[in-house]
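Colleague: Got a minute? I'd like a quick tour of this one.
Modeller: Sure. Have a look, then ask away.

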Amino acid sequence: MTIMGIAIGATGLLLLLLFVWMLAISMRQKRIENERRQRVHIYRKAMERNRKQEQEERVQKAEAGDITMILYLAKEEERTNLRKASYWYHKAANLDNVTGMYGIVRISERMKDDMVLREQAKFWRTAISAVEGNLQAKYETAEALFFGRGVEQNIEKAYRFMEESAKMQYVPAMLFLGDWFISHNNPEPSPSTSFEWYKQATKHKSNEGRMKLGMSYINGIGVAVDFYHGCYWLERAGEKGYTPAMLKAGEVWLESGGQGKFIAYIWFFLAGQLGNEEARMLRDKVSLTISVDTVVGMQALAKPMLKRIRENKVGKHALIKALNSLYKRELDYLSYDFQPSNLKLDAAKNDSLNEETVEELLNESELDIAAEEVNESKSKNLDFTVSQMDQSHR
């Protein structure tokens with residue numbers, strides 16, 4: 001029994017020791033696992049902190065204008081957050097990056113319900129064409145930037161785009177800049193710069209440019225007042241059938257007084273016959289101050305002019321010379337033209353060739369009665385400022 005008891009006691013002790021040893025091992029393993037988990041947790045926190053710090057650095061660089069980082073963030077966000085991607089693509093596009101512009105267009109196609117983004121995408125499609133060299137698109141992009149259409153207003157950038165277009169001989173851009181430099185919205189207006197842009201447009205044969213250059217001379221905007229010089233450019237545009245210039249020429253001559261109302265009537269008549277309603281109203285208003293015979297005579301002269309304009313057969317200065325001949329005007333068209341001085345002699349030769357055209361304009365008529373009046377007056381100076389009835393009372 002004693003030996004058996006000792007054996008049982010030894011076995012129990014051994015089992016107890018084994019249990020304690022296994023418990024110790026288990027606790028050690030738990031400690032090691034906890035330490036491992038703590039290390040992993042610390043590592044993950046460190047990695048997350050590093051990632052967060054790296055993200056902040058990327059954002060800071062992107063916000064500072066680093067185009068590579070902007071596009072990286074945009075591409076990353078495009079996978080999960082289109083709004084944030086749109087923000088970064090807009091930032092790249094505003095730095096004239098074509099990839100950013102394409103990104104906005106691409107996102108707008110995925111967010112079709114966003115009307116604002118769709119309007120912005122229209123602008124950026126135009127901007128892409130502008131960057132690729134389309135002058136009209138560059139002009140439209142600049143115009144949108146000036147007025148904030150589909151994009152945030154940016155006058156400085158708009159002016160840069162518009163000036164680039166104008167320097168590449170795009171006439172609408174020249175006219176826009178001419179208007180801009182005398183606009184009340186321009187923080188730094190410059191009438192002289194406006195005048196120069198109108199002059200450039202005129203040199204490129206723009207009728208609107210001729211009209212606006214003429215009004216600059218009439219009103220003394222950016223240049224000294226010169227009535228006849230202004231009338232010259234208005235009538236040059238009028239010869240080409242540009243009715244707004246005809247209307248302005250009529251208004252200017254009407255305000256000048258004297259025989260100006262008769263010249264005004266002719267321009268109002270021409271513009272009215274070509275479809276300008278305002279000119280028709282002014283023509284009818286002026287006709288109330290002129291005798292019927294005079295109106296008939298002036299219409300007899302104006303109708304062949306009208307025919308030539310409609311057929312695009314009016315020679316350079318033909319109408320101006322016809323009006324000079326009729327009303328003895330001191331409008332020196334050769335000195336006002338932009339031709340170089342060495343071409344003036346050639347112009348004078350062409351003038352002699354154009355005299356036949358002027359004579360035809362003075363002699364042609366679509367009304368038989370009016371034609372007889374004109375033919376009877378060929379031997380004397382034509383004067384439609386006074387009617388036959390008025391002359392009988394002298």
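Colleague: Which residues make the nonpolar surface patch?
Modeller: Leu13, Leu16, Leu17, Phe19, Val20, Leu23 and Met27 make it. The patch covers about 700 Å². Keep in mind that this is a predicted model.

Colleague: Take phenylalanine 19. Where is its place?
Modeller: Phenylalanine 19 sits in helix 1, which spans residues 2-63.

Colleague: Does phenylalanine 19 count as buried or exposed?
Modeller: Exposed. Its relative accessibility is 51%, and the cut-off for exposed is over 50%. So phenylalanine 19 falls on the exposed side.

Colleague: Staying in helix 1, what does arginine 58 form a salt bridge with?
Modeller: With glutamate 54. The closest N and O atoms are 3.8 Å apart. Both residues lie in helix 1, four residues apart. That is about one turn of the helix.

Colleague: And how much relative accessible area do arginine 58 and glutamate 54 have?
Modeller: Arginine 58 has 23%. Glutamate 54 has 39%. Partly exposed runs between the 20% and 50% cut-offs, so arginine 58 is partly exposed, and so is glutamate 54.

Colleague: How many salt bridges does the count come to?
Modeller: The count comes to 26 salt bridges.

Colleague: What about glutamate 164? Which lysine does it form a salt bridge with?
Modeller: Lysine 138, with the closest N and O atoms 3.1 Å apart. This pair links distant parts of the chain. Glutamate 164 is in helix 7, residues 155-167. Lysine 138 is in helix 6, and the two are 26 residues apart.

Colleague: Is lysine 138 buried or exposed?
Modeller: Buried, because its relative accessible area is 11% and buried means under 20%. Glutamate 164 counts as partly exposed, at 31% relative accessibility.

Colleague: Now glutamate 239. Which arginine does its side chain meet in a salt bridge?
Modeller: Arginine 236, at 3.7 Å from N to O. Both lie in helix 11, residues 227-239. They are three residues apart, about one turn of the helix.

Colleague: Are glutamate 239 and arginine 236 buried or exposed?
Modeller: Both are buried.

Colleague: Which residues are linked in a network of salt bridges?
Modeller: Lys75, Glu78, Arg106 and Arg110 are linked that way.

Colleague: Switching to helix packing. How do you describe two packed helices?
Modeller: By the angle between their axes and the distance between the axes. Take helix 6, residues 135-147, and helix 8, residues 171-180. Their axes come within 10 Å and cross at roughly 20°.

Colleague: Why are helix 6 and helix 8 called roughly parallel?
Modeller: Because angles under 35 degrees count as roughly parallel, and these axes cross at roughly 20°. Helix 6 and helix 8 are therefore roughly parallel to each other. Their crossing is left-handed.

Colleague: Last topic, backbone angles. What is phi of glutamine 169?
Modeller: Near 70°. That is a positive value in a residue other than glycine. Glutamine 169 lies in the loop between helix 7 and helix 8. Its relative accessible area is 45%, so glutamine 169 is partly exposed.

Colleague: And lysine 205, what is its phi?
Modeller: About 65°, so to speak on the positive side, although lysine 205 is not a glycine. Lysine 205 lies in the loop between helix 9 (191-203) and helix 10 (207-219). With a relative accessible area of 67%, lysine 205 is exposed.

Definitions and conventions: Residues numbered from 1 in each chain as written. Predicted model: local features only at pLDDT ≥ 70, side-chain atom pairs only at ≥ 80, totals over all residues. Heavy atoms only, no water. Patch = residues over 30% accessible without salt bridge, like charges linked within 9 Å, V, L, I, M, F, W, Y side chains within 5 Å. Areas by Shrake-Rupley, 256 points an atom, 1.4 Å probe, with all protein chains shown as cover. Salt bridge = Lys/Arg side-chain N within 4 Å of Asp/Glu carboxyl O. Buried < 20%, exposed > 50% of the residue type's maximum accessible area, 1.4 Å probe, protein only. Axes fitted to C-alpha atoms, helices over the stretch in contact; angles between N-to-C directions. Parallel < 35°, antiparallel > 145°, perpendicular 65-115°, else oblique. Left-handed = near helix turned anticlockwise from the far one by under 90°.
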